[in-house]
Amino acid sequence: MKKDFTFLFRKEINEYDFGEDHPFHGRRGEDFLNFLKEKIKIDFPILKAKKATDKDLFLICEKEYIEFTKKYFEAKNKGEEFDGRFFFYHSADNLPIGKPGKIEEAARYIIGQAKMAADLIMDGKFKKVISIGGGLHHAKKNFGEGFCIYNDVAFCAKYLIEKYGLKRILILDTDAHAGNGTLEYFYEDERVLFIDIHQDPRTLYPGTGFIEQKGSGRGEGLKINIPLSPEAGDESYRMVFEKIIEPVVKEFKPEIIIRNGGSDPHFSDYLTNLGLTLEGFKMIGKKVRNLAEFCGGKEIDLIASGYNLRVLPFAWAALISSLIGMEVEIKEPITMKKIRDPIEETKKIIDEIKREFKKYWKSLS
Ligand SMILES: [Zn+2]
């Protein structure tokens, strides 16, 4: 049977690891794929992408940033000191703790996967391509932060615009943290509708991602930040999809969807305070699958985040299995604590977004 989806991964991506005592460890991708194979019994193809070249990276970064990042992480991987202006190019989140993996090289493979995903879909080979290790949405043009050094979400959209001339791309960021890097790349760009659902930035890194950040110039009204209160759970997410995301996406009529974000909105995540359960992750997968029907099923999925490694493979599997149209039973591995899900607060946020955006979108008036 011909599959309409494929995964992209290679072992080199395990090297995207900031060291033993750092929250971002490298083996997540491989652990997830083993989990799918052994526990969920999903049979799936995995393809290997090439490493991004400097020329590829120039689409999203400047030369000096790339040169510094490459040299710095290569030295650290060898256990050597590196004399240079680290804090000019990166925030403290990206400081390795102990001995890191070959991070810069792994990041190039992740960019290579974004490129390959775009090509595979645009050539009609697959409808959905899942890049394991992707979604490094905090990285900016010349500044790395939030465990991200090269932004593959931004690369993917820019590449689709540059090579294929696409004019209407939806980036849907469902990571618990706001995609500040991605937002910055496309703030004035009318070709990218960026919808970002995340924990209220007053309570979580990166501290931006407010409703008022709605784009400027030709991009005004096309950047929709949805900041949810801490503990927002399945019902809040369902409401936001039904009242905001679905109507706007239908009106926008994207040519392709890029979704990013891993398991960090789960209630047990160590770095965040949201309240999604595995059922919520399944719902997101299913809703994205349905939205992709408006663009011939075309969807690129970039997944890497999650800071409770016990729950990570379960949450990724819940999301991805429904995204690819497979009903599988996945039980919560962690006993649920009482989740508040602040529905009334979510309703207020939805009303505020509607007020703010109804002049741009008929479907919100
Ligand atoms: Zn995150």
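This is a short guided tour of the structure above, with a suggestion at each stop for what to select next.

**The whole chain**

Start with everything shown as a cartoon, and keep in mind that this is a predicted model. The chain holds 11 helices and eight strands. Its radius of gyration is 19 Å, close to the 21 Å that the globule rule gives for 365 residues, so the chain is as compact as a globular protein of that length. Turn the view around: the C-alpha atoms fill a box of roughly 55 × 50 × 45 Å along the principal axes. Of the 365 residues, 61% count as buried. Among contacts with a separation of 6 or more, 78% are made by residues 24 or more positions apart.

**The sheet**

Next, colour the strands. Eight of them make an open sheet with parallel pairing, and the order across it is S2-S1-S3-S8-S7-S4-S5-S6. At the edges you will find strand S2 (46-47) and strand S6 (223-228), each pairing on one side only.

Now select residues 128-132 and 299-303. These are strands S3 and S8, which run parallel and are joined by five bridges. Look for valine 129, which stands opposite isoleucine 300 in S8.

Move along to residues 192-199, strand S5. How many residues of this strand are buried? Eight of the eight are, so S5 is largely enclosed by the rest of the structure. S5 pairs with S4 in the parallel sense over five bridges. To see one partnership, show isoleucine 171 together with phenylalanine 194, its bridge partner in S5.

Before leaving the sheet, add helix H9 to the view. H9 lies across S3, S4, S7 and S8, and it runs at about 165° to S7.

**The zinc ion**

Select the zinc ion and show the side chains around it. Which protein atoms are its donors? Asp175 gives two OD entries, His177 gives ND1 and Asp264 gives OD, with distances of 2.0 to 2.8 Å from the ion. The angles among the four donor atoms go from 52 to 151°, and the site is irregular. For comparison, four tetrahedral donors would ideally have angles of 109.5 degrees.

Along the sequence, the donor residues follow the spacing D-x1-H-x86-D. Two of them link distant parts of the chain: aspartate 175 is in the loop between strand S4 (169-173) and helix H7 (180-186), while aspartate 264, 89 residues apart from it, is in the loop between strand S7 (256-260) and helix H9 (278-292). Switch on a surface and both aspartates count as buried: aspartate 175 has a relative accessible area of 2%, and aspartate 264 has 0%.

**Two loop residues**

For the last stops, pick valine 328, in the loop between helix H10 (312-323) and helix H11 (343-357). Is valine 328 buried or exposed? With a relative accessible area of 18%, valine 328 is buried, because the cut-off for that is under 20%. Leaving aside neighbours within four places in sequence, valine 328 touches Ile40, Lys282 and Ser321. Measure from its C-alpha to that of lysine 41: the two residues are 287 apart in sequence and 9.4 Å apart in space.

Finish at arginine 85, in the loop between helix H3 (63-77) and helix H4 (86-89). Arginine 85 is exposed, with a relative accessible area of 53%. Draw a line from its C-alpha to that of glycine 207, 122 residues apart along the chain, and the separation is 24 Å.

Conventions. Residues numbered from 1 in each chain as written. Predicted model: local features only at pLDDT ≥ 70, side-chain atom pairs only at ≥ 80, totals over all residues. Heavy atoms only, no water. Donors = N, O, S within 2.8 Å, 3.2 Å for Na, K, Ca; no water. Tetrahedral: all angles 85-135°; square planar, octahedral: opposite > 155°, others 65-115°. Helix = DSSP H or I, 4+ residues; strand = E, 2+ residues; numbered from the N terminus. Buried < 20%, exposed > 50% of the residue type's maximum accessible area, 1.4 Å probe, protein only. Pairing = 2+ DSSP bridges. Contact = heavy atoms within 4.5 Å. Axes fitted to C-alpha atoms, helices over the stretch in contact; angles between N-to-C directions. Rg over C-alpha atoms; globule rule 2.2 N^0.38 Å.
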